[in-house]
Amino acid sequence: MGTHFTSLSAYAEEAKIRKTPLNSSPWSLQIEWTANSETPITIFRVQFMANDSTDWSEVDVVASKLDNEDWYGKADLLNLQPSTLYMVKVSSMNTEGYSQFSDVHLFTTPEKGKVKQEKIMASPSTKLSVTSIVCFIPLLSSLISSHVFIK
């Protein structure tokens with residue numbers, strides 16, 4: 001009867017890139033992903049290029065631990081062109097080396113003049129203070145014109 005040893009070391013699993021960028025502008029994309037690995041992931045390698053290009057650009061990103069064997073990465077892809085389709089893929093490095101690259105994900109930068117960001121809502125207190133100021137201005141104007149403040 002033989003003894004079988006299982007090695008805990010293995011390449012990281014393929015990174016899962018979030019389909020929607022966190023932020024995008026005509027000249028940049030901020031993307032994020034997660035990957036699973038039995039041993040710590042130290043670096044993520046992100047490769048990206050415009051759909052009509054032939055050369056991949058590359059950026060290395062430090063990995064952050066989430067929980068158990070999950071790791072997180074986020075990258076700002078800069079100096080991009082407006083209204084352009086970009087291909088993005090990610091590889092993870094752990095004690096075994098670099099994993100295979102993820103499937104290629106496609107992201108499009110917005111046209112010039114557009115920036116995608118979260119919608120900002122005014123709170124009720126903000127609305128109240130703006131309304132109060134708008135109502136106070138005519139009153140103040142009336143008091144000044146009636147010389148209430150003049151001694």
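N68 is exposed in this predicted model, with a relative accessible area of 69%. You will find N68 in the loop between β6 (64–65) and β7. Its backbone deserves a look as well: N68 has a positive phi of about 45 degrees although it is not a glycine. For context, most residues other than glycine have a negative phi. Another asparagine tells a similar story. N79 has a positive phi of about 60 degrees, and it is not a glycine either. N79 belongs to the loop between β7 and β8 and is exposed, at 76% relative accessible area. Why does N79 count as exposed? Exposed means over 50% relative accessible area, and N79 has 76%.

Stay in that loop for a moment, as T84 also has its place between β7 and β8. Is T84 buried or exposed? With a relative accessible area of 16%, T84 is buried, because the cut-off for buried is under 20%. T84 also has a partner from elsewhere in the sequence: T84 and T109 are 25 residues apart along the chain, yet their C-alpha atoms are 5.4 Å apart in space.

Now let us step back to the overall layout. The protein has one helix and ten strands. Reading from the N terminus, the order of elements is β-β-β-β-β-β-β-β-β-β-α, so the ten strands come before the helix. Of the 151 residues in the protein, 30% are buried.

With that layout in mind, we can go inside. The largest nonpolar core has 22 residues, and the members that touch the most others are W33, F44, V46, L77 and V88. Which elements give two or more residues to this core? They are β3 (28–36), β4 (43–50), β7 (70–77) and β8 (85–94).

Two of those core residues are worth a second look. A search of the whole structure finds one aromatic pair, and W33 and F44 are its members. Their ring centres are 5.4 Å apart and their planes stand at 85 degrees, so the pair is edge-to-face; the angle cut-off for that label is over 60 degrees. W33 lies in strand β3 and F44 in strand β4, so the contact ties together parts that are eleven residues apart in sequence. Both W33 and F44 are buried.

Charged contacts come next. How many salt bridges does the structure hold? There are three. In one of them, the side chains of E32 and R18 meet at 3.0 Å, N to O. E32 lies in strand β3, while R18 is in the loop between β1 (16–17) and β2 (23–25), so this pair ties together parts that are 14 residues apart in sequence. The two partners differ in their surroundings: E32 is buried, with a relative accessible area of 14%, whereas R18 counts as partly exposed at 40%.

R45 takes us to the other salt bridges. E58 and R45 form one, with their closest N and O atoms 3.4 Å apart. This pair links distant parts of the chain, as E58 is in strand β5 (residues 57–62) and R45 in strand β4, 13 residues apart. R45 also meets D60 in a salt bridge, at 2.8 Å from N to O. Here again distant parts of the chain are linked, with R45 in β4 and D60 in β5, 15 residues apart. Taken together, R45, E58 and D60 are linked in a network of salt bridges. How open are these residues to the surroundings? R45 is partly exposed at 22% relative accessibility, E58 is partly exposed at 46%, and D60 is partly exposed at 40%.

Finally, have a look at K89 and the aromatic rings it meets. The charged end of K89 sits over the ring of W56, 4.2 Å from its centre. The charged end of K89 also sits over the ring of F101, at 4.9 Å from the centre of that ring. W56 has a further part to play, on the surface. Together with V104 and L106, W56 makes a nonpolar surface patch of about 260 Å². L106, one of the members of that patch, is found in strand β10 (residues 105–108).

Terms used:
Residues numbered from 1 in each chain as written. Predicted model: local features only at pLDDT ≥ 70, side-chain atom pairs only at ≥ 80, totals over all residues. Heavy atoms only, no water. Patch = residues over 30% accessible without salt bridge, like charges linked within 9 Å, V, L, I, M, F, W, Y side chains within 5 Å. Areas by Shrake-Rupley, 256 points an atom, 1.4 Å probe, with all protein chains shown as cover. Salt bridge = Lys/Arg side-chain N within 4 Å of Asp/Glu carboxyl O. Helix = DSSP H or I, 4+ residues; strand = E, 2+ residues; numbered from the N terminus. Core = buried A, V, L, I, M, F, W, Y, C linked by side-chain atoms within 4.5 Å. Buried < 20%, exposed > 50% of the residue type's maximum accessible area, 1.4 Å probe, protein only. Phe/Tyr/Trp six-rings, centres within 6.5 Å; stacked < 30°, edge-to-face > 60°. Lys NZ or Arg CZ within 6 Å of the ring centre and 35° of its normal.
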